[in-house]
Amino acid sequence: MKKTVKRLLCLAAAGVMSLSFVGCSSEGENGKVVVYNWGDYIDPEVNDLFTQETGIKVVYSEYANNEEMYATVEPGNVSYDVLFPSDYMVEKMINNNMLQKLDFSKIPNAANIDETFKNLPYDPNNEYSIPYMWGTMGIVYNKTMVTDPVESWDILWDQKYAGQIFMYDSERDSIMVALKKLGYSMNTRNEAELEQAKAELIKQAPLVLAYVGDEGKNKMINGEAALMLAWAGDAMVMLQENPDLAYAIPKEGSNWFVDAMVMPTNAENVEQAYQYMNFLCRPDIAAKNAEYIGYSTPISAARDMLPEEIKNSEVAYPDPALLKDPKMEMFNDPSDVISLYSSIWTQVKAS
Ligand code: SPD
């Protein structure tokens with residue numbers, strides 16, 4: 001069995017096993033930390049190492065996207081100690097007083113974070129969050145099935161590939177693709193532009209084989225579709241396993257993102273949460289984690305420890321100038337028009 005397939009199976013198993021820990025009251029000798037993270041977003045050995053080193057049990061569960069995490073956490077009737085929202089979701093949670101300011105004297109390894117990932121608009125003074133992983137969004141395609149150049153989002157609307165396209169089951173990411181295809185900002189609050197994006201996505205829906213989550217990686221590896229909207233970290237996993245796959249960022253531009261560690265206001269295991277965050281920022285741990293999950297670490301000292309083919313990958317670590325290109329945007333919080341975004345996505349999925 002190839003390394004990546006084993007990794008994918010392990011990630012899936014870790015997700016299932018970790019869910020069984022939720023609600024379990026047992027603790028390590030030094031207590032517990034309750035962690036809620038994206039699926040396929042940690043090397044399970046990292047949690048084991050943390051427990052071995054600290055005596056703190058990791059109670060770990062997973063979500064599929066930012067909106068699912070927010071819906072779980074927002075009512076306040078469950079308490080987590082560490083969450084991993086994306087940039088715009090960090091901003092939203094700060095605005096809604098759901099996050100506590102971090103005491104960085106308890107997270108000395110946060111000093112390892114590169115300047116590129118500091119003072120970003122979602123947390124301009126670096127008070128509430130610590131960058132965990134980052135990346136771009138693009139298209140993974142199978143070179144044996146796609147004969148046209150993959151240079152525009154338009155290819156995801158090409159009838160030739162009907163039934164051979166995977167999109168993410170993610171409201172913000174899918175609407176982003178339609179907005180960029182139309183030449184609009186992914187952060188638009190303009191109702192007419194959002195209506196046009198909705199029409200594009202409804203037009204695309206019959207061509208889409210499925211709106212997928214983490215399972216999309218294995219499906220592309222197995223050749224089940226020709227094209228998939230993909231985060232670069234997922235692309236890294238897919239490309240390592242199937243050499244027929246490639247990754248491209250369309251010329252209209254795309255999203256670049258940071259997923260960050262945060263502590264909710266109702267966290268109950270604060271000291272343990274600080275130790276956990278600090279552990280994940282240790283360069284050797286960040287490197288081990290990044291190599292396993294495929295995503296890009298914001299810690300140069302960790303990147304330097306990665307195998308050559310990963311640390312020099314244009315997919316995982318594109319030219320820094322790309323992030324400054326105005327066509328590449330970071331999401332911001334669309335709370336004032338969030339009902340419009342949500343209703344667009346509901347209508348697209350129902351179409
Ligand atoms: N397996 C999913 C890993 C999480 C990737 N987060 C991307 C967020 C983009 N807004």
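Reader: How do the residues of the shell around the ligand divide into nonpolar, polar and charged?

Author: The model is a predicted one. The shell consists of W38, G39, D40, Y41, S86, D214, W231, F257, D259 and Y295. Aspartate counts as charged and glycine as polar. On that basis the shell divides into five nonpolar, two polar and three charged.

Reader: How much of the 340 Å² that the ligand exposes when taken alone does the protein bury?

Author: Polar atoms approach the ligand from the backbone as well as from side chains. A polar backbone atom of G39 is 2.7 Å from a nitrogen atom of the ligand, and an N or O atom in the side chain of S86 is 3.4 Å from a ligand nitrogen. Of the 340 Å² that the ligand exposes alone, the protein buries 99%.

Reader: What is the distance between a polar side-chain atom of D259 and a nitrogen atom of the ligand?

Author: D259 is one of the residues that surround the ligand. A polar contact requires N or O atoms within 3.5 Å. The polar side-chain atom of D259 and the ligand nitrogen are separated by 2.7 Å.

Reader: How many residues of strand β4 are buried?

Author: Strand β4 covers residues 130-142 and is mostly covered. A residue counts as buried when its relative accessible area is under 20%. For β4 the count is 13 of 13.

Reader: Which residue in β9 stands opposite T136?

Author: Strand β9 spans residues 256-261. β4 and β9 pair in the antiparallel sense, over six bridges. Opposite T136 in that pairing is W256.

Reader: Which residue in β7 stands opposite Y141?

Author: β4 also pairs with strand β7, residues 227-231, in the antiparallel sense over five bridges. Opposite Y141 stands L227.

Reader: How many bridges join β4 to strand β8?

Author: Strand β8 takes in residues 245-248 and runs antiparallel to β4. One facing pair is N142 and L245. The number of bridges between β4 and β8 is four.

Reader: Is S105 buried or exposed?

Author: S105 lies in the loop between α4 (87-95) and β4. The cut-off for an exposed residue is over 50% relative accessible area. S105 has 61%, so the residue is exposed.

Reader: What separates the C-alpha atoms of S105 and Y274?

Author: The side chain of S105 makes a polar contact of 2.6 Å with that of D103. Y274 is 169 residues from S105 along the chain. In space, their C-alpha atoms are separated by 9.6 Å.

How values were computed. Residues numbered from 1 in each chain as written. Predicted model: local features only at pLDDT ≥ 70, side-chain atom pairs only at ≥ 80, totals over all residues. Heavy atoms only, no water. Buried < 20%, exposed > 50% of the residue type's maximum accessible area, 1.4 Å probe, protein only. Helix = DSSP H or I, 4+ residues; strand = E, 2+ residues; numbered from the N terminus. Pairing = 2+ DSSP bridges. Polar contact = N/O pair within 3.5 Å; in protein donor to acceptor, adjacent residues only side chain to side chain. Near = heavy atom within 4 Å. Areas by Shrake-Rupley, 256 points an atom, 1.4 Å probe, with all protein chains shown as cover.
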